[in-house]
Amino acid sequence: MRLDILTLFPDLFASFLEESILGRAIKKGLVDIRLISIREFAKGPHKVTDDRPFGGGDGMVMKAGPIYRALESVERERDQTLVILLTPQGRGFDQPTAWELSKREHLILICGRYEGIDERVRTGCVDMELSIGDYVLSGGELAAMVVADAVTRLVPGVLGGERSNLEDSFEDGLLEYPHYTRPRVFRDQEVPGILLSGDHEKIRVWRRTESLRRTLERRPDLLRRAKLSEEDKRILERLEQESAKSETGS
Ligand code: 9D3
């Protein structure tokens with residue numbers, strides 16, 4: 001997969017790209033990530049990338065020209081290139097979107113700064129707008145790293161030795177069960193006995209139950225879309241009865 005990131009702050013990405021999984025994927029040649037400095041495509045001795053808004057008002061707006069020229073400097077894979085603008089106004093980025101993007105041969109991510117970007121970038125060259133959540137960042141760079149991380153780990157071969165993507169939280173739509181490692185007792189807190197029993201079937205049912213319990217308690221919204229077996233539904237019914245009981249204090 002090719003990933004081109006257009007930004008005013010390419011240096012922000014250095015340590016992120018060296019990070020273990022992504023760094024290894026780049027070394028293995030599975031992903032080719034390039035940083036394009038928008039500033040290099042600005043004109044004049046001062047390389048100005050922003051300007052005051054037409055109509056007045058506070059703050060600055062990123063100029064269309066440098067972004068258009070930066071985009072035109074990137075060679076495109078035939079039909080396979082998707083241009084994505086990171087913006088608080090975009091559609092919410094989620095795991096299904098990460099899967100969708102991981103199937104593309106070439107993504108271009110545009111990071112904004114300042115109050116906004118000249119609307120003609122959006123209308124003239126952007127295929128998709130993404131937000132990573134309902135909070136205010138200072139720019140699109142962190143959002144681009146989030147998208148790059150979530151998408152590239154789904155590219156075949158990138159996870160290599162790590163466990164299959166399908167086992168990850170969110171892939172079956174449930175939160176994870178609790179994990180423990182040595183020591184068996186840590187500051188008076190014991191590991192649940194079942195995990196030491198060696199009974200793999202009991203352990204499987206316990207983990208599934210705890211996954212369902214956590215999801216029910218913390219993210220009941222996820223249960224509606226989760227892939228649930230008949231066994232899951234029986235466990236959930238029991239958990240719902242238990243919590244109904246504890247609510248009435250009996
Ligand atoms: C001060 C300007 N804001 C008015 C309420 C609008 C605004 C513009 C640009 C707020 C934040 C930003 C910078 N953020 C992003 O570019 C961004 C972002 C985000 O802030 N939250 C979640 N996802 C994303 S993707 C890009």
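Here are a few questions and answers about the ligand site in this predicted model.

This being a prediction, local features need pLDDT of at least 70 and side-chain atom pairs pLDDT 80 or more, while totals for chains, interfaces and linings use all residues. Residues are numbered from 1 along each chain as its sequence is written, and side-chain values use heavy atoms, leaving out hydrogens and water.

Q: What makes the ligand's link to Ile132 a polar contact?
A: A polar contact is a pair of N or O atoms within 3.5 Å. A ligand nitrogen is 3.0 Å from a polar backbone atom of Ile132, so the pair counts. A ligand oxygen also sits 2.8 Å from a polar backbone atom of Leu137.

Q: How do you know how much of the ligand the protein buries?
A: Accessible areas come from the Shrake-Rupley method with a 1.4 Å probe. Taken alone, the ligand exposes 580 Å², and the protein buries 71% of that.

Q: Why is the ligand said to sit in the second largest pocket?
A: Sitting in a pocket means that more than half of a molecule's atoms lie within 2 Å of the pocket's grid points. The ligand is placed in the second largest pocket, so it passes that test.

Q: What makes β5 stand out in the shell around the ligand?
A: Strands are DSSP runs of E, at least two residues, numbered from the N terminus. β5 (81-92) and β8 (128-131) each supply at least two shell residues, and the largest share, three residues, comes from β5.

How values were computed
A polar contact is a pair of N or O atoms within 3.5 Å; within protein, one must be able to donate a hydrogen and the other to accept it, and residues adjacent in sequence count only if both atoms are side-chain atoms. On a 1 Å grid over the protein atoms alone, a cavity is a set of points where a 1.4 Å probe fits but cannot get out, and a pocket is an open set with protein on both sides within 12 Å along at least five of seven lines; lining residues have an atom within 4 Å of a point. Helices (H or I, at least four residues) and strands (E, at least two) are DSSP runs, numbered from the N terminus.
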